[in-house]
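Student: I am new to this structure and would like a close look at a single part of it, the surface. Please set out the overall build, and then go through the patches and the charged pairs.

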Amino acid sequence: MNLPVFFEVPMAVQIHMVCAVTSLFLGFYMLVSKKGTKLHRTLGKVWVLTMLGAAISAAFIHQIRMIWIFSPIHIFVPVTLFGLFEGVRHARAGRIDAHRASMRSMYWGALCIPFAFALAPNRVLAVIFGTKDLEWIPMAIVATIVLSVGAYYRWEGFWLKTFSAINGR
């Protein structure tokens with residue numbers, strides 16, 4: 001691990017990385033922990049704030065300029081802002097199934113997938129983790145894991161019904 005690189009990058013990148021990594025771990029805990037408790041609601045608010053921090057700080061990162069000062073990964077900024085708004089709106093209105101679907105989509109689509117792209121060679125995370133010379137391998141591994149778990153959650157109802165029918169429940 002090459003942590004000194006973290007302190008050499010612009011402040012927007014540092015803020016983005018701290019918020020995104022915090023969101024990644026906190027979001028995973030939220031996915032596997034008991035839902036509806038006071039702790040869940042409190043940590044959910046923290047998660048929304050760290051996701052907002054990651055999205056807003058991402059708007060100030062312009063290392064890859066493809067379309068004016070933006071790159072294709074910047075599409076995740078408005079997607080994240082809209083998704084967070086929808087997820088919170090559903091929770092406040094008591095539409096828990098819609099809230100759950102929205103937040104899961106945010107975790108996998110607006111956090112894990114961009115994280116996989118962040119492991120591409122010569123990106124800051126690849127340099128910090130020491131995987132920049134492995135080219136596409138770390139990104140492919142993370143992308144495979146993310147897409148597999150995301151697919152499971154997308155079709156969770158189907159899998160639960162299938163396994164229940166197999167087990168005779």
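Tutor: From the N terminus on, the elements run α-α-α-α-α-α-α. The chain thus has 7 helices and 0 strands. The model is a predicted one, and its confidence varies along the chain. The average pLDDT is 78, and 70% of the residues score at least 70. Among the elements, helix α2 has the highest mean pLDDT, 93, while helix α7, residues 156-167, has the lowest, 65. Of the 169 residues in the chain, 38% count as buried.

Now to the surface, beginning with charge. K38, R41, K45 and R92 gather there in a patch of positive charge. The element that gives the most to this patch is helix α2, residues 38-58, with 3 residues. K45 is one of the residues placed in helix α2. With a relative accessible area of 60%, K45 is exposed, because the cut-off for that label is over 50%.

Helix α2 also has a part in a second patch, a nonpolar one. F28, Y29, V32 and L39 make this nonpolar surface patch, which covers about 400 Å². Here helix α1, residues 11-32, gives the most, with 3 residues. L39, for its part, has its place in helix α2. The relative accessible area of L39 is 47%, so L39 is partly exposed. A residue must have over 30% relative accessible area and no salt bridge to belong to a patch, and the 47% of L39 is over that cut-off.

The charged pairs come next. The count of salt bridges is 2.

One of them joins the side chains of R89 and E86, with 2.7 Å from N to O. R89 and E86 are 3 residues apart in helix α3, residues 76-92, and are therefore separated by about one helical turn. The two partners have different labels for exposure: R89, at a relative accessible area of 35%, is partly exposed, whereas E86, at 15%, counts as buried. The label for E86 follows because buried means under 20%.

The other salt bridge is between the side chains of R100 and D97, at 3.0 Å from N to O. Both residues lie in helix α4, residues 96-118, where they are 3 residues apart, about one turn of the helix. R100 has a relative accessibility of 33% and counts as partly exposed. D97 stands at 59% and counts as exposed. The patch rule leaves out any residue with a salt bridge, so R100 does not qualify for a patch, even though its 33% is over the 30% cut-off.

A last point concerns a pair of residues set far apart in sequence. F129 and L3 are separated by 126 residues along the chain, yet their C-alpha atoms are 8.1 Å apart in space. F129 has its place in helix α5, residues 124-129. With a relative accessible area of 37%, F129 is partly exposed.

To put the surface together: helix α2 gives the most to the positive patch and holds L39, which helps make the nonpolar patch. The salt bridges lie within helix α3 for R89 and E86 and within helix α4 for R100 and D97.

Key
Residues numbered from 1 in each chain as written. Predicted model: local features only at pLDDT ≥ 70, side-chain atom pairs only at ≥ 80, totals over all residues. Heavy atoms only, no water. Patch = residues over 30% accessible without salt bridge, like charges linked within 9 Å, V, L, I, M, F, W, Y side chains within 5 Å. Areas by Shrake-Rupley, 256 points an atom, 1.4 Å probe, with all protein chains shown as cover. Salt bridge = Lys/Arg side-chain N within 4 Å of Asp/Glu carboxyl O. Lys, Arg positive; Asp, Glu negative; His and termini not counted. Charge placed at Lys NZ, Arg CZ, Asp CG, Glu CD. Helix = DSSP H or I, 4+ residues; strand = E, 2+ residues; numbered from the N terminus. Buried < 20%, exposed > 50% of the residue type's maximum accessible area, 1.4 Å probe, protein only. pLDDT = per-residue confidence, 0-100.
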